[in-house]
Amino acid sequence: MLSIVIENMGLLCSRNKHYNEADNEENAQTAEIERRIEQETKAEKHIQKLLLLGAGESGKSTIFKQIKLLFQTGFDEAELQSYISVIHANVYQTIKILYDGSKELAQNNRETYEISSENKEIGEKLSKIGGRLDYPRLTKELAQDIETLWKDAAIQETYARGNELQVPDCANYFMENLQRLADANYIPTKEDVLYARVRTTGVVEIQFSPVGENKKSGEVYRLFDVGGQRNERRKWIHLFEDVTAVIFCAAVSEYDQTLFEDESKNRMMETKELFDWVLKQPCFEKTSFMLFLNKFDIFEKKVLNVPLNVCDWFKDYQPVSTGKQEIEHAYEFVKKKFEELYFQSTTPDRVDRVFKIYRTTALDQKLVKKTFKLVDETLRRRNLFEAGLL
């Protein structure tokens, strides 16, 4: 009897040992999972969330592509090849806009805007291609037709009024490179990709680190780009939580242009209203604001020929000089308008949030790199201040 009890006790001890080992193993796994969760939570806390906002055609997506080129590995061959169809579509869309625009303008001024008789057939053919949903690959023959039509005097006169016709900023660049774009072995360059126009739909994001030369800065940024057209903006709201900084892009050159989606609305007035709305969002109470006054390269060429006061927001503008001095005066006037709007839209409980304005040209890689270094320094200084280390 005693031997049976001892034997059963031994079996029980053995089972307990087995259960203890299982418990220890389970506890170790749980501890490991908890450790990983803690690490990931710390890492997530360390990531600075940046939101790239602005109206359609403000240059947001070009800034986004520059960040990918500057602070990530850039575009691999597959990604570059994926842009071939986009670039060819841009070419067909542009020549259609110009041809159809010249026909419309010719109704009131045939002498200036009527296409030469030898180019009308080419124009009709290209307009039909540009109206299709599936564009053919650009061939040497089609490129020659487009080049011939592009050089027509009426098309050039129409291009000069491109602000009235939704002609994209990439028009001249692609028209000057048609033969290269039509090569059978064509692979887009980085510059081609930057000029390529694709309307952002939905949300795209990249994570990058570090900004600037200091590899030990440790800052990690997650940048979100969202569609700027009106019908895309409802997708912004869910991104508004826990944002470190909003980078708001405003195209300073578009004071004489109308929206793609509403040709009765001035683009600068739309930008003003959108900026005002974003500033007043409750979740941005302590969010830093970085305003990129973008497309300065186009602005400095335009402002000497098209007065700022064609835009209702700038109707009190008075030119004071000529050349570079006038360009700077006009830019400072626009900058002041945005500053005034910021402080008018900022309630007293939000005055301590960071607000910085940067002059940018999204196509200028050196300038974008320099600008993001400044943004990085500003945000790091802000983080140190909030941690009581400044």
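This passage walks through the overall fold, two pockets and a few chosen residues of a predicted model.

Some ground rules come first. Residues are counted from 1 along each chain as its sequence is written, and side-chain values rest on heavy atoms, with hydrogens and water left out. Since the model is predicted, local features need pLDDT of at least 70 and side-chain atom pairs count only at pLDDT 80 or more, while totals for chains, interfaces and linings use all residues.

The chain holds 14 helices and six strands. Both kinds of element are DSSP runs numbered from the N terminus, with helices (H or I) needing at least four residues and strands (E) at least two. Out of 390 residues, 46% count as buried; buried here means under 20% relative accessible area, exposed means over 50%, and partly exposed is in between (1.4 Å probe, protein chains only). Contacts, meaning heavy atoms within 4.5 Å, often link distant parts of the sequence: among those with a separation of 6 or more, 75% join residues 24 or more positions apart.

Now for the pockets. The search runs on a 1 Å grid over the protein atoms alone, and a pocket is an open set of points with protein on both sides within 12 Å along at least five of seven lines, whereas a cavity is a set where a 1.4 Å probe fits but cannot get out. A lining residue has an atom within 4 Å of a point. Grid points are joined across faces, edges and corners, and the volume is the space filled by probe spheres set on the points.

The largest pocket offers about 830 Å³ of space. Its lining is made of 28 residues, and those nearest the centre are Tyr159, Pro168, Asp169, Ile298 and Lys301. Three helices each supply at least two lining residues, namely α8 (171–175), α10 (190–195) and α12 (296–302). Of these, α12 gives the most, with four residues. Sorted by class, the lining has eleven nonpolar, nine polar and eight charged residues. For this sorting, Ala, Val, Leu, Ile, Met, Phe, Trp, Tyr, Cys and Pro are nonpolar, Asp, Glu, Lys and Arg are charged, and the others, Gly among them, are polar. Domain 1 (49–75 + 200–380) and domain 2 (77–195) both contribute to the lining, so the largest pocket lies between them. The domain bounds come from an automatic or database domain assignment.

The second largest pocket has about 700 Å³ of space. It is lined by 37 residues, with Glu57, Gln166, Pro168, Arg199 and Phe260 closest to its centre. The elements giving two or more residues to this lining are α2 (60–71) and α3 (77–106), and α3 has the largest share, eight residues. Here the split is ten nonpolar, 15 polar and twelve charged. Domain 1 and domain 2 again both give lining residues, so the second largest pocket lies between them as well.

A database record adds something to this second pocket. UniProt, in an unreviewed entry, places the feature "binding site" at Ser61 and Thr200. Its positions are given in the numbering used here, feature names are shortened, and annotations may be inferred rather than shown by experiment. The pair is spread over 140 residues of sequence, yet the largest C-alpha distance is 7.3 Å. Both Ser61 and Thr200 belong to the lining of the second largest pocket. Ser61 sits in helix α2 and is buried, at 16% relative accessible area. Beyond its neighbours within four places in sequence, Ser61 is in contact with Thr200 and Asp225. Thr200 lies in the loop between α10 and β2 (203–208), and it too counts as buried, at 14% relative accessibility.

Helix α11 (residues 267–279) carries Thr271, and Met268 is found in α11 too. Thr271 is buried at 6% relative accessible area, and Met268 is buried at 0%. Leaving out residues up to four places away in sequence, Met268 touches Ala251, Val252, Glu254, Tyr255, Cys311, Trp313, Phe314 and Phe338. With neighbours within four places set aside, Thr271 is in contact with Ala55, Phe248, Ala250 and Phe338.

The last stop is Ile115, in the loop between α4 (110–113) and α5 (117–130). Ile115 is buried, with a relative accessible area of 6%. Its C-alpha is 5.5 Å from that of Ala154, although the two are 39 residues apart in sequence.
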